[in-house]
Each structure stands twice: as structure tokens, then as C-alpha cells.
Amino acid sequence: MTTLSVFMLLRRPLRLPPFAGSRRRADTQMGSMSKPSGLGHFGSFLLGALLPTALLFFLASDRVGERLTSSISSIGNGYLLNSPARQANLTSDGGSASAPAGDEEEEEQDRFPGLAELLPRVAMADRTVIVTSVNDAWAAPGSLLDLFRESFRNGEGIEHLLNHTLIVAVDAGGFDRCRAVHPHCYRLEVKSANVSAANRFLSKGYLEIVWAKLSLQQRVLELGYNYLFTDVDVMWLRDPFRHINLYADVTMSCDRFSGEPESLKNSPNTGFYYVKSTERTVAMVRYWRAARPRFPPHHDQKILDNIKSELVGELGVRIAFLDTALFGTFCEFRDGIDGRVCTMHANCCIGLDNKVRELRGVVAAWKNYTALPPAEKEAGKARWPYPTRCRAARRAKPAPIKN
């Protein structure tokens, strides 16, 4: 009950049960006023004394309600006592380790030195940063990094977005190559595996890279910045931000699109997704990382697919998925090039050489399309090359990887 409703309730006349002789009517003149009894005086006095006290009580209770709402909100942001993430975030003495503070904040700064100073130089006016990651093999001349940067230059009015792109290098070779071609580079130390080679899917190096980049993304959110993470094998063609869902906490590409943007039947693809910086999304990434031991030995995308209903149900995260007609994939390949497509992702493709060869074909097809007269573009005859090498590699069923 709000303070206003309580105030209106207390303003109503005090109704007391009728007692015999409680009031006498003057019967001498018509329209004379009745004389209040002692009980009437008492009721008026009682109401006058209680009204200020009641108002103070309910004003205070409103503040209590705000604190209660805040507590409920924090429960919705991932601090459920019985949730797997809550159990994973308990320290040895039973306290919560879910929010960096004090010594833990210093540890986070030590893990990502210089990041807080770098982000303001990269971010857009709305504190959004585009983030991608490379290693020595992906950043080598003629490899994925060159194709990635070239796609911005060949895209429709998006070259300026390179100025807001942070390239995260996970090894020294990738960092040196980044600094040679790009103004905003960050070195992320990954020492638990060899991450410099063209690590195959689900290899130890591959897994360490994807989980290390997720920890950095969490730190970006904690510092108050939104991010759009993009794999370096995504070719940017048009501005994707016009398709970001303003209501959602997370707007994510998918391998296969169900037709409903908010349906959890969509299969998420963590190679291209946008996240707002809020308490809820910070809790989401912590929950996501804490779920890793529950589903070994999987990568971030597979685990997100396993826990997406938990993120929505327990944390209240709002997720929207992007149509593959706008954000193309090799998984759900559509060969037509039209005036809507924003990106093309070389996912569902095994092998660095295969990705590079197929994406060179994508870049060439896009250049041919943009050179067409408007009438021929509208005719809808332009086509992407079929990813033959990638499909063949997937059918080959390579031998299991030994970590």
C-alpha cells in the first residue's frame, strides 16, 4: 500500500458503532447543530494524534520497500543462494565473491593492467567498445586480421568503426602484429596453454582463449562499458548497431534462427554479440564463467546454450537473437546478397586455412556486389560463394583432440 493511499484512507470519517445516548439532538430549533459527545471529542483527538505518526511510519516503510526492492533486484541479478553460480562464488569463509571490491578490485586491476585507461580512448560516445581477439596465427599478414580490417574499409560507411575497435592479443606475436596495423591493441596474458598456433576447435589452446576473452569482457562491463564482441572471422559489411535490440540486455547472433528473436530455441553464437553494462549483465557473465566446471570440456558458446534458460529464469536477463538473413553464417548459409545483410561469419568451419580461403571469396563477392549499378543490385542476382572447403572439412570428422 502506497503512502498516498494510506493518507486517503486515514482522511475518511471515523465510523464508530452507534451507542445509546451517545449524542443528543436539539429539538428546539430547526437546523440547529448537534452537540458532540465525549466519545466524538475522543475520536477526533485520537485521529489527530495518529495521523502524523501513521504518515511517518509509511514514509519510512517506503524506504524499507526501496531497500527490499533493491534486495530482490540483487537476487534477480545472480545472487541466488541455491543457484550454481552463487555456490561457485562463495569464498572459503562463506562470503560472496561475486563483486570485485577492495583487495579483489585490486586483483582485477592487476589481471587487466592498463585496460581502464585504454577503454576511454576507444569507446564511442555511448561508452560502447567493439572487441575482437587474435593470436599470432590469426594476426599474421594475409590472415584473418587483415581480412577483418579490410571488411570495414570495403563496407558501407563503417570504416570509422575501426577507431572504436579494441583488438585483444593473447600472445606476443599477435600483439606486435596488431600494433603494426591498428591503433588500439591490448595484450591479454594467457599462460595456461600454447595459444599462438592455429588452435583447432576444442583444443586446449582454443578453450583457454575463449575463456580468457570472456573474463576480459566481464571486466569491460564492470568498468561501465558496453561491448560488441566480434570474432575476427566475421566480415563487417554494414552498420550492425541499427539492429541492436534496445530493450534486451544481450543481442546475439545465432547459428540457426527460429524466426522469433526472443525465442530460446535459437542456437546462440558467441562470435558476434552485444552486451549492455548493467549489474544484471555483470552477474550474467559471472554466472556463465562459473558454469564452466558443470559442462567440461566445453567452450563458452556451448555452455551458454546450456544455461540460457537459467540466465533468463534466475537472473532475469533479456536476450534477443539476430536473424541470419541480416547476420549471415556458414552454418545456416544463404547465398543471396541483398541490401540488408550486415555481416558474414565463417563459423561451422574447421581449419584456419579453410576460413581464410572462404572469406577471401566473401570479400571478393562483396566488392563485386557494391560495384553493381543500383538496378542490378535490386534484381537480387548477386550471390555469395558456397563454402565448399568448410563443408568438406566438417564432413571429414577429424580425429578427437588430445588436450
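Start by selecting strand E4, residues 226–230, in this predicted model. E4 is mostly covered, with five of its five residues buried. Show the side chains next: Asn226, Leu228 and Thr230 point one way from the strand, while Tyr227 and Phe229 point the other way.

Now add the two neighbours of E4. Select strand E1, residues 128–134, which runs parallel to E4 and is joined to it by four bridges. Within this pair, the bridge partner of Val129 is Tyr227, and that of Val131 is Phe229. Then select strand E7, residues 267–275. E7 runs antiparallel to E4, again with four bridges between them. Here Phe229 turns up once more, standing opposite Tyr273. Strands of a sheet pair through backbone hydrogen bonds, either parallel or antiparallel.

Widen the selection to the whole sheet. It is open and has seven strands, in the order E3-E2-E1-E4-E7-E6-E8, with mixed pairing. Go to its edges, where strand E3 (185–187) and strand E8 (319–321) stand; each has a single partner strand, so one side of each is left without a neighbour in the sheet. From one strand to the next, the twist averages 35°.

Finish with two helices. Select helix H5, residues 115–122, which lies across E1, E2 (165–169) and E3 and runs at about 145° to E2. Then select helix H11, residues 300–315, which packs on the sheet and touches E6 (250–256), E7 and E8. The direction of H11 makes about 75° with that of E7.

Definitions and conventions:
Residues are numbered from 1 along each chain as its sequence is written. This is a predicted model: local features need pLDDT of at least 70, side-chain atom pairs count only at pLDDT 80 or more; totals for chains, interfaces and linings use all residues. Side-chain values use heavy atoms; hydrogens and water are left out. Two strands pair if DSSP finds at least two bridges between them. Axes are lines fitted to C-alpha atoms, for helices over the stretch in contact, and angles run from 0 to 180 degrees between N-to-C directions. Contact means heavy atoms within 4.5 Å. Buried means under 20% relative accessible area, exposed over 50%, partly exposed in between (1.4 Å probe, protein chains only).
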